[in-house]
Structure formats: C-alpha cells, structure tokens
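Hi everyone, thanks for having me. Could you pull up the sequence and the model on your screens? I'll walk you through a few spots.

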Amino acid sequence: MKFQGSDNYIATQDLMLAVNAALTLKRPLLVKGEPGTGKTMLAEEVAASLGMPLLQWHIKSTTKAQQGLYEYDAVSRLRDSQLSGAEEAARVRDIRNYIVKGVLWQAFTSDAPVALLIDEIDKADIEFPNDLLREIDRMEFYVYETRELVRAKHRPLVVITSNNEKELPDAFLRRCFFHYIKFPDAETMQKIVDVHFPGLKKELLAAAMKTFFEVRNLPGLKKKPSTSELLDWLKLLVAEDIPLEALQSQDDKVAVPPLVGALLKNEQDLTLFEKLVFMQRHNR
C-alpha cells in the first residue's frame with residue numbers, strides 16, 4: 001500500500017516518500033509548513049488514494065487530549081437520574097450510555113484501517129502532545145469509568161499537521177516521521193494551478209504567476225502569500241474577467257495587481273508593496 005499522489009493533489013517525490021515511510025514504520029506522519037501549503041488536504045488525498053475512511057480532529061487552543069479518547073457526560077447522567085421513568089432509571093445504571101467516544105476511540109475500533117488527521121496540533125496546550133504519547137505509541141488506552149482497555153484493531157495512518165506556532169516535545173517528535181512541505185517552486189506551482197484551472201489561458205497564467213512571485217519575494221513581508229491564496233486570486237481574476245493588460249506593466253516595473261487583497265492580508269504588507277511601486281515609478 002503506497003501513496004503515489006492523486007489527480008487532485010500534486011505531491012513532490014520527497015513528500016510521497018515521507019508518506020510511504022510513515023506507512024512502513026507504522027508511525028504518525030508529522031507535517032509542517034507554511035499555512036496554505038496543503039497540509040490538511042494531504043491527509044484527505046492520502047486517505048482517498050489508499051481507500052481509507054478519514055477521521056478528522058481539528059485542534060483548538062482549548063482542546064484536551066482526553067477529548068480524542070472519550071468524555072464522560074456526567075451532567076446528562078445526573079439530569080436523567082432526576083427523571084422518574086423506568087426507562088431513564090435503566091439508562092442511568094449503565095455508565096456506558098454516558099461515555100462519548102472520541103476520534104481516537106473510533107479509529108482504534110474501526111473494523112477496517114482508517115486515516116486519522118490531527119490538524120494543527122501546535123494550537124493546543126504544550127502538554128497536549130505529551131498526553132497522547134502512550135496512546136499513539138501503544139495504540140491502546142484505558143477507560144476508567146467502565147474499567148475496559150480499548151486496543152486498536154488496526155493501526156490507523158495518523159497524519160499530524162503543525163504551523164510551527166509552538167515547539168513540540170522531543171519525546172513526541174521521536175515517535176513521528178517528520179516532513180516539512182517546502183513552498184513550491186515555479187514548476188511545481190504551475191502543476192498545482194493546472195489541476196485547479198485546466199482551461200486558464202497561458203498568457204494570463206504566466207502574467208499572474210510572475211506577479212505572484214514578485215509579491216511573495218518582496219523583502220520584509222509580514223505574511224507571504226501562500227499557495228491557497230494564489231488559487232483564490234486566480235479564481236477572482238477569472239470570475240471578474242480581469243484582462244491580461246491589467247497584470248502587465250509596459251515598463252516592466254512592479255505594479256499593484258488587481259484584487260491584491262487576496263494576496264496581501266495586512267496593512268503593513270500592503271503599504272510596503274505600494275511603497276516599492278512608488279519608488280520604482282520615480283526611479284529611486
């Protein structure tokens with residue numbers, strides 16, 4: 001079972017090797033890279049190409065590791081115990097009725113192998129990765145309320161993404177296969193765009209790509225535009241029927257592109273770019 005890329009996702013050779021290495025080692029694949037480089041989409045496409053259902057756990061700053069295993073709904077049990085019916089009384093006696101299974105439990109007990117995405121793990125508390133060490137390593141966990149040990153029927157393919165907002169613990173990193181998705185070069189970017197916009201005119205695409213890389217390579221940007229923002233911008237150019245002339249500068253100098261708000265997302269970067277354009281126009 002190997003990942004060979006897909007029609008919807010352009011994977012570089014080193015990325016495919018990383019996915020297959022994680023499969024061979026039976027370790028989680030930890031994927032880092034700039035926001036918008038396709039980390040989440042990678043998990044979706046790997047699952048689809050390998051014929052695996054995908055379970056997704058999107059991490060927030062308030063997410064706790066326990067929620068991925070299970071949660072005991074004590075409030076509902078207390079509420080049901082206050083009702084007088086025989087049906088409620090029977091339900092209250094069985095604590096299993098108040099155990100809410102998390103995505104890890106669902107992945108462990110699935111009858112067929114699944115892919116599990118733990119998305120943006122660096123958003124959570126610093127202890128979050130450590131709290132999952134045993135479960136991810138041994139593929140089992142204990143449910144104290146029901147006194148049962150839940151063991152994985154099949155080891156899921158675990159894909160973990162991070163935007164590098166926090167450093168992850170060394171003990172956690174040791175259990176993962178790591179891959180950093182580099183920003184695509186011009187050739188790879190061309191292939192990505194061709195997948196999403198197969199009918200785009202070559203002249204318009206060439207001018208748009210030139211403008212995009214000029215913006216991205218501007219020194220001092222607080223947030224460089226990503227792949228997903230390029231795709232959004234191209235979608236707008238097509239939808240608004242922006243002419244080729246609007247993207248071309250007759251004197252071959254940098255100009256503020258139309259719909260630049262799809263590429264630059266804060267006033268500091270926009271001001272910096274406009275300043276560069278002004279300086280070039282006045283030959284300073």
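So, which residues is Asn163 in contact with, once we leave aside its neighbours within four places in sequence? They are Gly33, Pro35, Lys39, Glu120 and Asp122, where contact means heavy atoms within 4.5 Å. Before I go on, this is a predicted model, so local features need pLDDT of at least 70, side-chain atom pairs count only at pLDDT 80 or more, and totals for chains, interfaces and linings use all residues. Residues are numbered from 1 along each chain as its sequence is written, and side-chain values use heavy atoms, with hydrogens and water left out.

Back to Asn163. You'll find Asn163 in the loop between β8 (157-162) and α9 (170-174). Helices here are DSSP runs of H or I with at least four residues, strands are runs of E with at least two, and both are numbered from the N terminus. With a relative accessible area of 18%, Asn163 is buried. The cut-offs go like this: buried is under 20% relative accessible area, exposed is over 50%, and partly exposed is in between, using a 1.4 Å probe and protein chains only.

One of those partners deserves a closer look. The side chains of Asn163 and Glu120 make a polar contact at 3.0 Å. A polar contact is a pair of N or O atoms within 3.5 Å; within protein, one must be able to donate a hydrogen and the other to accept it, and residues adjacent in sequence count only if both atoms are side-chain atoms. Glu120 itself is in the loop between β5 and α7 (128-131). Glu120 isn't a glycine, yet its phi is positive, about 60°.

Leu259 does that too: not a glycine, but a positive phi of about 60°. Leu259 lies in the loop between α12 (227-239) and α13 (267-281). Is Leu259 buried or partly exposed? At a relative accessible area of 35%, Leu259 is partly exposed.

Now helix α2, residues 39-49. Lys39, which we met as a partner of Asn163, is among the buried residues of α2. The others listed are Leu42, Ala43, Glu45, Val46 and Ala47. What do they pack against? That would be α1 (13-25), β1 (29-33), β2 (54-58), β5 (115-119), β8 and β9 (177-181). After α2 comes Gly51, with a positive phi near 70°.

Further along the chain we reach Leu200, in the loop between α10 (186-196) and α11. Leu200 is buried at 15% relative accessible area. Not counting residues up to four places away in sequence, Leu200 touches Leu205, Leu234 and Val238. Take Leu234: Leu200 and Leu234 are 34 residues apart in sequence, and 9.1 Å apart C-alpha to C-alpha.

Thr211 sits in helix α11, residues 202-216, and counts as buried at 6% relative accessibility. With that same neighbour rule, Thr211 touches Trp233, Leu247 and Pro257.

Let's zoom out. The protein has 13 helices and 9 strands. Its radius of gyration is 24 Å, well over the 19 Å that the globule rule gives for 284 residues, so it's more spread out than a compact globule. That radius is taken over C-alpha atoms, and the rule is 2.2 Å times the number of residues to the power 0.38. The C-alpha trace spans about 80 × 45 × 35 Å along its principal axes. And buried residues make up 44% of the 284.
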